[in-house]
Amino acid sequence: MKKLNLLLMLALLIIIGVACKSSKTESENPAEGKTLVLYYSQTGATKAVAEEIQQLLGCDIDSIIAVKPYDGDFDQTIARFMQESKDSVKAELKPLNVNLDDYDTIFLGFPIWFGTYALPMASFISDNSLNGKTIVTFATFGSGGIEKATLDAAVALPAADVKEGYGVRNARVAKAPAEIKRFLIENNYIDGEIEALPEFSEPTDVSEETAEIFHAACDNYQFPLGNPVSVSSRHTPEGIEYEFGVKSTSQDGSESNSIIYVIAPENESPEFTRVVRE
Ligand SMILES: Cc1cc2nc3c(=O)[nH]c(=O)nc-3n(C[C@H](O)[C@H](O)[C@H](O)COP(=O)(O)O)c2cc1C
C-alpha cells in the first residue's frame, strides 16, 4: 500500500512538473533552431556582453576580426573612420571559424560608431545576405544607438528577420549580466522567472528635484546631452528609473529631441543608461 501511495505521489509530481513546464513555454522562443553569437569588439565591451549572452544561451560563439585591426586609441579610430568613410574603404575581414549555413538565429553584436554599427560589422553585413535567418542585434555604446543600428541592419538585410536586442553603455558593462538575463527571459530566448517591471508613470513637467537627478546622471558625460523637459518614472529592483524627454540645440542652432533613461539606485549616484535619439 505504502509503495502504491509512493508511486501515485511520484506520478502526481511528474504531472505537475509537465504542467508547469508547458505553462512557461506558452510564448514561443523567437530564436528558432541553432543559435550563434557573433560579434565585433574593438576594446572589449561588446566581447564581454557577447560572452555573457553565449553562456546564458549555451550556444556557439565567434568574432569578426578585421585583417587590418582597428587598434588605435579613440582619436586615431575616429580619424581612420573619417578617412575610410570618405574614401568608401570597406574593412577586409578574416574568415570566420564557423559556417553561417549551420545557424538559424544569430545574435549579432557590435559597438556603435557614429550612430550605427562599427565599420567591420558594416563589412560583414554587406558581404553576407543572412537570408531567412533571425538576427537579434546587441550593442555597446557611449550613450546609445542600438535602435538606429537595428533599423540600418534591417534595411541592409531585407531577407532576414532583424530584431532589436540588448544594448548597454560601456560605462555600465559591469551591470550587464543581470540585465541580459532579464532581456533573454522577457523575450522568451531562455526559460526563467522574472518579476515584470511596472509601466512608467504619465509624463509630467520636470521638478527641481528631478532636474537635479538628470544633471547628476548626465552632466559628466563627454558630450552635452541637452535639457530635460518632461519626466516619468517607475520603481525597479535596481532603484527608481526615470524616462526624461530631452531637448538639445546643436552648434548650428538646430533643435533635436531624445529620450534619456536614468537609473537612481538607493544610496548610489544616478547614472544614465541610454539615449534614444528621435
Ligand atoms: C569611431 C568611434 C565612434 C563612436 N561613435 C559612437 C556613437 O555614435 N555613439 C555612442 O554612443 N558611442 C560611440 N562610440 C563609443 C563606442 O560605441 C563604445 O566605446 C563601445 O562600447 C566600444 O565597444 P567595444 O569595446 O566592443 O569596441 C564610438 C567609438 C568609436 C571608436
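Two strands count as paired here if DSSP finds at least two bridges between them. Keep that in mind for the sheet in this predicted model.

**The sheet**

Five strands line up in the order E8-E9-E10-E11-E12, giving an open sheet with antiparallel pairing. Strand E8 (204–205) and strand E12 (271–277) sit at the edges with a single partner strand each, so one side of each has no neighbour in the sheet. For E12, that pairing is with strand E11 (residues 255–264): the two run antiparallel and are joined by 6 bridges. One residue pair to look up is Tyr-261, whose bridge partner in E12 is Arg-274.

**The ligand site**

Now over to the ligand, which takes up the space of the largest pocket. Helix H2 (45–57), helix H3 (74–86), strand E3 (105–113) and strand E5 (134–141) are the elements giving two or more residues to the shell around the ligand. By residue type, that shell splits into 8 nonpolar and 12 polar residues, with no charged ones. There are 20 residues around the ligand, and the ones that come nearest are Ser-41, Thr-43, Thr-46, Ile-112 and Ser-143.

Which backbone atoms lie at short range from ligand oxygen? The table has three such contacts, from Gly-44, Ala-45 and Ser-143.

| Residue | Protein side | Ligand side | Distance |
|---|---|---|---|
| Gly-44 | polar backbone atom | oxygen atom | 3.0 Å |
| Ala-45 | backbone N or O atom | oxygen atom | 2.8 Å |
| Ser-143 | polar backbone atom | oxygen atom | 2.7 Å |

As for burial, the ligand on its own has 650 Å² of accessible area, and the protein covers 89% of that.

Key: Residues numbered from 1 in each chain as written. Predicted model: local features only at pLDDT ≥ 70, side-chain atom pairs only at ≥ 80, totals over all residues. Heavy atoms only, no water. Near = heavy atom within 4 Å. Polar contact = N/O pair within 3.5 Å; in protein donor to acceptor, adjacent residues only side chain to side chain. Areas by Shrake-Rupley, 256 points an atom, 1.4 Å probe, with all protein chains shown as cover. 1 Å grid on protein atoms, 1.4 Å probe; cavity = no way out; pocket = protein on both sides within 12 Å on 5 of 7 lines; lining within 4 Å. Sits in = over half its atoms within 2 Å of the grid points. Helix = DSSP H or I, 4+ residues; strand = E, 2+ residues; numbered from the N terminus. Nonpolar A, V, L, I, M, F, W, Y, C, P; charged D, E, K, R; others polar.
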